[in-house]
Amino acid sequence: KYINSIQQKSREATVIIRHLLKFSRKQNPSIQMYSVDQLIREKVDLVTQIIGAQINLTTDLNSNGAQVNTDSKLFDQVLMNLVLNAKDAIPANGNISLKSKIIANHKDSKWFYKLPESTYINLTIQDDGSGIEPHIIEDIFEPFFTTKDESVGTGLGLAIVKSILKDINGYIFVDSKVDQGTSFELFFPVT
C-alpha cells in the first residue's frame, strides 16, 4: 500500500519537475512559416481521441492558408494544453470548438487596444464548461496558480502557454462566464 503511494507521488513529482524545467529553460524556437489551419488539421484526430467521445469537437478554420512564423512543436504544445484545459472544464458532455480567421485590421478585434497594429490570424479555443470565476481570471497565467485539485494540476500549463506565445510573437486573451464556458483567443501576426 505504502509503496504504491510512494510510486504515485514520485510520478507526480516527475511531471512537476518536467514542467518546471520547461518553464524555466529558455527554449530556442525553431521558427518557420506554417499555416495555422494546417497545423490544427494535423492534430484533430489526436485531439478527438484525447477529449473522448463525451465531448464534441468542432472546427471552423477560415484563415485561408495564411501563414505565420511559429515553431510547430511549440504551437502543438499550446494547442494541446488549451484543449486539455477545456476538456477538464467540462463536467460531463460538452463542446469544444477551434476556430480560425484572419483579422485584417487589428481594430476588428475586441482586444485591439492590447495588440500592436498588424494583420493577425485569430485562433479561438472555446468550451461550454464551468467557466472561470471573475475574481481569479487575472491570475490564471501566473506560475503555480491552479483551480484544479492538487493531484491533477501543477498550475504551470497556462503560464507555459503564455511564455511560449511570447517566444513566438503570439498573444493570448481570455473571456469567460461562470457556468457558460471559456474562450481563449490567440493572435499570430501574418507573415
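These are my notebook entries on a predicted model of a protein.

**Overall layout**

I began with the secondary structure. I count five helices and seven strands in the protein. I then read the order of elements from the N terminus, and it is α-β-α-α-β-β-α-β-β-α-β-β. Next I looked up burial. Of the 191 residues in the protein, 40% are buried. I also checked how far apart contacting residues sit in sequence. Among contacts with a separation of 6 or more, 74% join residues 24 or more positions apart.

**Helices α3 and α4**

I turned to one helix pair. Two packed helices are described by the angle between their axes and the distance between the axes. I looked up both for α3, residues 44–51, and α4, residues 72–89. The angle is about 30 degrees and the axes are 10 Å apart. Angles under 35 degrees count as roughly parallel, and α3 and α4 are therefore roughly parallel to each other. I noted the handedness too: the crossing of α3 and α4 is right-handed.

Which residues make the contact? From α3 I list L46, V47, I50 and I51. From α4 I list M80, V83, L84 and K87. I sorted the residues of this contact by type. Seven are nonpolar, none is polar and one is charged.

I then followed L46, which lies in helix α3. L46 is partly exposed, at a relative accessible area of 37%. I checked L46 against M80. They are 34 residues apart in sequence, and their C-alpha atoms are 9.3 Å apart in space.

**After α4**

I moved on to A92. This residue sits in the loop between α4 and β4, the latter being 94–103. Is A92 buried, partly exposed or exposed? A92 counts as partly exposed, because its relative accessibility is 45% and the partly exposed range lies between 20% and 50%. I looked for its contacts, leaving out residues up to four places away in sequence. A92 touches Q54 and I55. I55 is 37 residues from A92 in sequence, yet 7.7 Å from A92 in space, C-alpha to C-alpha.

**Nonpolar cores**

I looked up the largest nonpolar core next. This core has 41 residues. L82, F184, L186 and F188 touch the most other members. Which element gives the largest share of this core? The answer is α4, with eight residues.

Apart from the largest core lies another, of six residues. Its members include W111, Y120, F173 and F187.

I took L186 for a closer look, again not counting residues up to four places away in sequence. L186 touches V78 and L82. The list also has I121, N122, L123 and I125. L165, Y171 and I172 complete it.

**Positive phi angles**

I finished with the backbone. Most residues other than glycine have a negative phi. I noted two residues with positive values.

N169 has a phi near 60 degrees, and N169 is not a glycine. I placed N169 in the loop between α5 (157–167) and β6 (171–177). Is N169 buried or exposed? N169 counts as exposed, because its relative accessibility is 53% and the cut-off is over 50%.

D179 is also not a glycine, and its positive phi is about 65 degrees. I found D179 in the loop between β6 and β7 (181–189). D179 is exposed, with a relative accessible area of 65%.

How values were computed: Residues numbered from 1 in each chain as written. Predicted model: local features only at pLDDT ≥ 70, side-chain atom pairs only at ≥ 80, totals over all residues. Heavy atoms only, no water. Axes fitted to C-alpha atoms, helices over the stretch in contact; angles between N-to-C directions. Helix = DSSP H or I, 4+ residues; strand = E, 2+ residues; numbered from the N terminus. Parallel < 35°, antiparallel > 145°, perpendicular 65-115°, else oblique. Left-handed = near helix turned anticlockwise from the far one by under 90°. Contact = heavy atoms within 4.5 Å. Nonpolar A, V, L, I, M, F, W, Y, C, P; charged D, E, K, R; others polar. Core = buried A, V, L, I, M, F, W, Y, C linked by side-chain atoms within 4.5 Å. Buried < 20%, exposed > 50% of the residue type's maximum accessible area, 1.4 Å probe, protein only.
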